[in-house]
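Please open the model in your viewer and keep the selection tool at hand, since this tour moves from one selection to the next.

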Amino acid sequence: MTALAALIRRDIRIALRVGGGALIGVLFFLTVVVLMPFAVGPDLALLSRLGPAILWLGALLASLLTLDRLFMADHEDGSLDLITMSRTPLELACAAKALAHWLAAGLPLIIATPVLGLLLNLDMVATGAVALTLLAGTPALTFTGMIGAALAVTLHRGGLLMAVLVLPLSIPVLIFGVAASQAAIVGPMSFGAPFSILCALSLVSLVVGPFAAAASLKHGLD
Amino acid sequence: MTLIDLANPTRFLALTARVLPWLAAATIALLAIGLYQSAVAPDDYQQGATVKIMFIHVPNAWLSMFVWGVMSIASLGTLVWRHPLADVAAKSAAPIGAAFTFLALLTGSLWGRPMWGTYWEWDARLTSVLILFLMYLGLMALWRAVDDPSRAARAAAVLTLVGAINLPIIKFSVDWWNTLHQPASVMRMGGSALDRSFLIPLLVMAIAFTLLFVTLHLAAMRNEILRRRVRSLQMIQASRIAFSSEMGAGSREGNASKEAGAA
């Protein structure tokens, strides 16, 4: 237990230091959202209608951008070998790393959401709904993305290949995240149904992600 | 004859060399019967002659999912039993599956043009088949990204199994998404509501296409085994050249590097 806590503390500390890359994700998120009005025009009504979708897409791309570093840096300095050889089960270690990554890179995105909601002319309820769905949905993005990160590090190829592998897997999260936000803003459906499915997706990925990532690390690093 | 007996590639090659002509002949015969039957099948009272696209489209769509199932079983074989031919099976199935998926999309869009008035509709089924196609392409990209086949095999096996868990979820969520956005469905066709004059040719075509897949798959597996043998022979040769050039004097070095360049 202390080993896992130490692992989480270490990962968060590295991620928050200069060059760690966690805050770059927030900056990227901000930039994507700022770019949107240039693409669709400065029409506030249209922007507020597209707002949840824009925020969700931005968060998806931002979390994908930072996932690249999840195993890569550890692989480069050799600590990934120590983690795989330690007595802590690799599945738990993977889950701890993903949790640390979500705390350092996913949570700032959610904290930044209200500010970005202002830029997109979203009202209080809409911003709250998007932030809540992001809070429930981004763990799923991190934990499924971890599979792609583990595959990429065993193949020594990151970046584009990981995006191609991970993005189709994140379609359900995107669908239910945007559906729940839209349900809270305009109705007519209830917010509860898509939101509970979103939570269920997060829980499923919480189970599947660490096992798949650990399997690919175990088989791939020898 | 069990699966373990087939673990020896040489035995597998010998067996498939005997089986393949029969399989190919059966495929051609069934395809001929199926195509003839679908050609003489009556026109639909609403769709006219375009209903005949169904006899090509539905088997393709069925195989697009069947092939992923085959790859998932092969991936289990790679990860759990370390069967030496499992990764060969998984690798050679992926392009065939992608081709079937592409054909399903293509024939579906050609069918959609006269029926719905558009080549592409963000219909739930079409969308999930498109995502399946994307996942096939990602898997093929993963196979191509690494030189070492056994390392690529295990990574691809993990991804295939994750995809096998995720595909039903994607299918279900796309269904949800679609009913949310456009409740008016474009097309409804209950399988059992199909008339017998359509059902029999369709079944024959489905069996014929499955046989076609088995034939193509076995042939592709043979090619993959032979390709790996050629590759290892080339590597042996290359290491031999490198070794002799290390040993030999300067005059032979130029010769060897020329040879290596040619190989």
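In which order do the elements of chain B run from the N terminus on? Select chain B, in what is a predicted model, and follow the chain from its N terminus: the elements run α-α-α-α-α-α-α, so to speak a chain with seven helices and zero strands. While chain B is still selected, you may like to know that 30% of its 263 residues count as buried. Among the contacts in chain B with a separation of 6 or more, 77% are accounted for by residues that lie 24 or more positions apart.

Next, keep chain B and add chain A, in order to look at where the two chains touch. Here 23 residues of chain B are in contact with 21 residues of chain A. On the side of chain B that touches chain A, α4 (124-145) and α5 (149-181) of chain B each supply at least two residues, and the largest share, 14 residues, comes from α5(B). If you colour this side of chain B by class, you will find 18 nonpolar, three polar and two charged residues.

Now hide chain B and select helix α2 (residues 22-40) of chain A together with helix α3 (residues 44-67) of chain A, whose axes come within 9 Å and cross at roughly 145 degrees. The crossing of α2(A) and α3(A) is right-handed. To see the contact itself, show the side chains of α2(A), including F28(A), F29(A), V32(A) and V33(A), and those of α3(A), including L47(A), L50(A), I54(A) and L55(A). By class, this contact of α2(A) with α3(A) has 18 nonpolar and four polar residues, and no charged ones.

For the last stop, stay in chain A and select helix α6 (residues 90-119) and helix α7 (residues 124-155), whose axes come within 9 Å and cross at roughly 155 degrees. Because angles over 145 degrees count as roughly antiparallel, α6(A) is roughly antiparallel to α7(A). The crossing of α6(A) and α7(A) is right-handed. Where these helices meet, α6(A) brings residues that include H101(A), W102(A), L109(A) and P114(A), while α7(A) brings residues that include V130(A), L134(A), P139(A) and F143(A). The residues of the contact of α6(A) with α7(A) divide into 14 nonpolar and seven polar, with no charged residue among them.

Key:
Residues are numbered from 1 along each chain as its sequence is written. Chains are lettered from A and ligands numbered from 1 in the order in which they are written. This is a predicted model: local features need pLDDT of at least 70, side-chain atom pairs count only at pLDDT 80 or more; totals for chains, interfaces and linings use all residues. Axes are lines fitted to C-alpha atoms, for helices over the stretch in contact, and angles run from 0 to 180 degrees between N-to-C directions. Helices (H or I, at least four residues) and strands (E, at least two) are DSSP runs, numbered from the N terminus. Angles under 35 degrees count as roughly parallel, over 145 as roughly antiparallel, 65 to 115 as roughly perpendicular and the rest as oblique. A crossing is left-handed if the near helix is turned anticlockwise from the far one by less than a right angle, and right-handed if clockwise. Two residues are in contact if their C-beta atoms, placed from the backbone, lie within 7 Å. Ala, Val, Leu, Ile, Met, Phe, Trp, Tyr, Cys and Pro count as nonpolar, Asp, Glu, Lys and Arg as charged, and the others, Gly among them, as polar. A residue is buried if 20 or more other C-beta atoms lie within 10 Å of its own, exposed if 12 or fewer, and partly exposed in between; C-beta atoms are placed from the backbone.
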